[in-house]
Structure formats: C-alpha cells, structure tokens
Amino acid sequence: MDGTRRVLVAADKFKGSLTAVQVAERVTAGLRRVVPDLGVEALPVADGGDGTVAAAVAAGFERREVRVAGPLGDEVTAAYALREGTAVVEMAEASGLQRLPAGVLAPLTASTYGSGELLRAALDAGARTIVFGVGGSATTDGGAGMLSALGARFLGRDGGPLAPGGGGLADLASADLSGLDPRLSGVELVLASDVDNPLTGPKGAPAVYGPQKGASPQDVEALDAALAHFAEVLERTETVGARAAGYAASPGAGAAGGIGFGAMLLGARFRPGIEVMLDVLGFAPALERADLVITGEGSLDEQTLHGKAPAGVAAAARAAGKEVVAVCGRLALPAQALGRAGIRRAYPLTDVEPDVAKCIADAGPILERVAERIARDFLA
C-alpha cells in the first residue's frame, strides 16, 4: 500500500447507538488494525438535526451552555457552539423530543421558547453569523415560542398572553413583531434543515411530522388550522404583511414543527442542512487531503437520498473525484441507488452480525470489524 494514502471519516451518528464522534473513533480503530500507519482524519458531520452542536464542537468550536426553557417550560441546560463570530445553534437542544420526560408527548402544548433563548444567548456572545440547525423537535408551534423569547408579542382574544404550543395559536387575535431583538437585523441567520416542507397542508408540518410527536388525526387537523391562522394574523401586521403567506408556502417553513417559518420571519435564509454544516465544519480542505472518504449513518435508506448527511458528503466527494464508501447499521438501498448517490459500496453492521438487536447493543465493536473489512478491500 502507498503509505501516503489518507482517509477522511465524515459520518453522522448511528441514532440510538453511537454519536458521530464515536463512529469516527471506531472506524479509525478498525482501519488501523489492518493498516497501522494509515493517515486518518475524522470530521463528524450532521445535517442540522440533533448532533449538530456536537459535530461543531468536534471540529474545534467552543461549547457554550445556557439554562433555557424546555418544550414544557421546565428549565434545561442546552448547548450551542461558537467560533470566531459564528454560532451553531441546534433547536433540539432546547425544544427537542429528547427534552420531554420519558413517555410524555405534548403535540399541542410543546413550545419553542427555549430555542429563542438559545438564539438570544448566541447574540449575547457576539455572534455575527448564526447557523440555526432545526430537526428532532417536540414542537409544532410555527416558531411562535421562539419569536416570543426574542421580543414578539402574541395576544389571545381575551387580550391576555396565549397558551404555549401550537394548539394555543387557534386563539391568536393579534401579533406584534416590532419588539424583536434589534440585533437580529445585524446578523446572518441561516436556517439549516434537511426537510423542505411548507408550513401547512398535506405536506405541511402537522400532517407529515405531527404523528411522530404524538398528534392524533384530530390534533393534526387542529394544529394545521392553528398554524394557518397564525400566518393569516401575521399577514395583517405592518411588520410582516403579505410576506407571511410567501414564507408559509416556502420550502423549509414546515421544518421542526414550523420553526422554519418563524426563522424566516427573523430574516433567515434556508439552506440544506448538510451543505451548511460541511461549509461550517471545513469539509472542503479536509476532502482535498483525502484519498478515500468514509461516510454513513444508522440507516441508509430512501430518506438518506433526500438531504441527509451521507448523501451530502458523497455528492461533494464525487464532485472532487474522491472515492466514497459508507458504513451503516442497516442498509435499505440497492447498489444502483448507492451508485447514483456517489457511494461505491456500503457496509452495514448486519453483514457482520445479522441479529439487529445485537447490532444496536454492540454497535461499536461491530463497526470496528466492518472498518477492518473496508481496510482490506480498499487500503491493504
């Protein structure tokens, strides 16, 4: 083997088993068991959802912690990442499903207020660019809670404050965005998401993602109507006006229970999450140094092809003429689909251990064995 060969490990987490950092560590260990002097560079990646802050910290950002409101209003410790004026804020840190008590789902009442507090903390830290990664949310409130934390006022028909969550928006009588934090106008806010759903309708946030958050068919109907009403009330305001309808219909408005819509009201620009994160993490120079790229995630399936991290990594690597292989827990894509995505070959854990439960429980050691196979096939 040519001793100058270098491998770049740019994989996402194996959800429920390994973080992206752990995936990189295990792959590196397996590769070096076969090729001890191999040059390996690890660049854990994320697509804007949960794990985005961890990926930024692994790439050299400083981890900052702040106490904010969780989705049900209880205080939680949430993290964001900061480096040289750029902040990476992950809404799931404050308003994600993982912030709900075990077994509790609150589709009508969960709020994004804490996500607004996280954005405010980034502003307080002097961020000039904020990458706002959205995904994994417990909420379907259109970002109303987030906007409230940043200075917006929403009043109900009785003249009092609204109940938290998407359900409360049905009672919205007036909206005032004139009190939004003035610092927002001086920052570049990038909405990083792997979904392009509009706010409402058959492909909107409640219909597509509400059931994952515990919403019954009746809840979905109520939330869809409430978010549509939210957009209509905003249309009647001087500060937003007709733009509200355009934002509501825009790709990404329905991301993370409609927080994409709220972010657009703040002036955010929507970009596919993996593209944003590859820029922020310094993927291009790392790719230039690599001869082989190893990407992956827990399940390589049809969803992977629609903006998930491995597809973004493979597309960028193919454009640079670099060979790509993937590791995964489960493989549900045919070889032709992998090839079209720019992935030469995929290595699922189930090839080594057919028992799925064992793959989940012992993902680390099994992944090392998978990496040994990659080393023998491509590097030895």
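1. A word on terms before we start: a residue counts as buried when its relative accessible area is under 20%. By that cut-off Phe-261, with a relative accessible area of 0%, is buried. Please keep in mind throughout that this is a predicted model.

2. Let's stay with Phe-261, as this residue belongs to a nice aromatic group. The whole structure has 2 aromatic pairs. In one of them, the ring centres of Phe-154 and Phe-230 lie 5.6 Å apart and the planes meet at 75 degrees, so the pair is edge-to-face. This contact links distant parts of the chain, with Phe-154 in strand β7 (residues 153–156) and Phe-230 in helix α7 (residues 217–235), 76 residues apart. Both Phe-154 and Phe-230 are buried.

3. Phe-230 also pairs with Phe-261, again edge-to-face, at 5.8 Å centre to centre and with 75 degrees between the planes. Here helix α7, which holds Phe-230, is linked to helix α9 (residues 255–265), which holds Phe-261, across 31 residues of chain. Phe-230 counts as buried because its relative accessibility is 0%. Taken together, the ring pairs make a cluster of Phe-154, Phe-230 and Phe-261. If you have the model open, I would look at Phe-230 here, since this residue takes part in the pair with Phe-154 and in the pair with Phe-261.

4. Helix α9 deserves another look for its backbone. Ala-256 lies in this helix, and its phi is positive, about 50 degrees, although the residue is not a glycine. Most residues other than glycine have a negative phi. Ala-256 is buried, as its relative accessible area is 9%.

5. A second positive phi turns up at Glu-84, a residue other than glycine, with a value near 50 degrees. Glu-84 sits in the loop between β4 (75–83) and β5 (86–90). With a relative accessible area of 72%, Glu-84 is exposed, whereas Ala-256 is buried.

6. On to the largest pocket, which encloses about 1200 Å³ of space. Its lining comprises 46 residues, and those nearest the centre are Lys-15, Asp-47, Asp-194, Gln-303 and Lys-308. Helix α9 comes back here: the elements giving two or more residues to the lining are α9, β10 (269–272), β11 (292–300), β12 (323–331) and α14 (356–361). Sorted by class, the lining has 20 polar, 14 nonpolar and 12 charged residues.

7. What do Asp-194 and Lys-308 form, with their closest N and O atoms 2.8 Å apart? The answer is a salt bridge, and these two residues are among those nearest the centre of the largest pocket. The bridge ties together distant parts of the chain, 114 residues apart: Asp-194 is in the loop between β9 (188–193) and α6 (205–209), and Lys-308 is in the loop between β11 and α12 (309–319). Side chains of opposite charge can pair when their charged atoms come close.

8. Across the whole structure there are 21 salt bridges. One of them joins Arg-26 to Glu-368, with 2.8 Å between the closest N and O atoms. Arg-26 is in helix α1 (residues 20–34) and Glu-368 in helix α15 (residues 363–378), so the pair links distant parts of the chain, 342 residues apart. Arg-26 is partly exposed, at a relative accessible area of 30%, while Glu-368 counts as buried at 11%. Shared partners extend this into one network of salt bridges that joins Arg-26, Arg-33, Glu-368, Glu-372 and Arg-376.

9. Another salt bridge is worth a glance: the side chains of Arg-67 and Glu-75 meet with 3.4 Å from N to O. Arg-67 counts as partly exposed at 45% relative accessibility, and Glu-75 counts as exposed at 54%.

10. Last, the cysteines. How many disulfides does the structure hold? The count is 0. Cys-328 is in no disulfide, and the nearest cysteine sulfur, that of Cys-359, is 9.9 Å away. A disulfide needs the two sulfur atoms within 2.5 Å, so a separation of 9.9 Å does not qualify. Seen from the other side, Cys-359 has the sulfur of Cys-328 as its nearest cysteine sulfur, and is likewise in no disulfide. Cys-328 counts as buried because its relative accessibility is 0%, and Cys-359 is buried too, with a relative accessible area of 5%.

Note on methods. Residues are numbered from 1 along each chain as its sequence is written. This is a predicted model: local features need pLDDT of at least 70, side-chain atom pairs count only at pLDDT 80 or more; totals for chains, interfaces and linings use all residues. Side-chain values use heavy atoms; hydrogens and water are left out. Buried means under 20% relative accessible area, exposed over 50%, partly exposed in between (1.4 Å probe, protein chains only). Rings of Phe, Tyr and Trp (its six-membered ring) pair if their centres lie within 6.5 Å; planes under 30 degrees apart count as stacked, over 60 as edge-to-face and the rest as tilted. Helices (H or I, at least four residues) and strands (E, at least two) are DSSP runs, numbered from the N terminus. On a 1 Å grid over the protein atoms alone, a cavity is a set of points where a 1.4 Å probe fits but cannot get out, and a pocket is an open set with protein on both sides within 12 Å along at least five of seven lines; lining residues have an atom within 4 Å of a point. Grid points are joined across faces, edges and corners, and a volume is the space filled by probe spheres set on the points. Ala, Val, Leu, Ile, Met, Phe, Trp, Tyr, Cys and Pro count as nonpolar, Asp, Glu, Lys and Arg as charged, and the others, Gly among them, as polar. A salt bridge is a side-chain nitrogen of Lys or Arg within 4 Å of a carboxyl oxygen of Asp or Glu.
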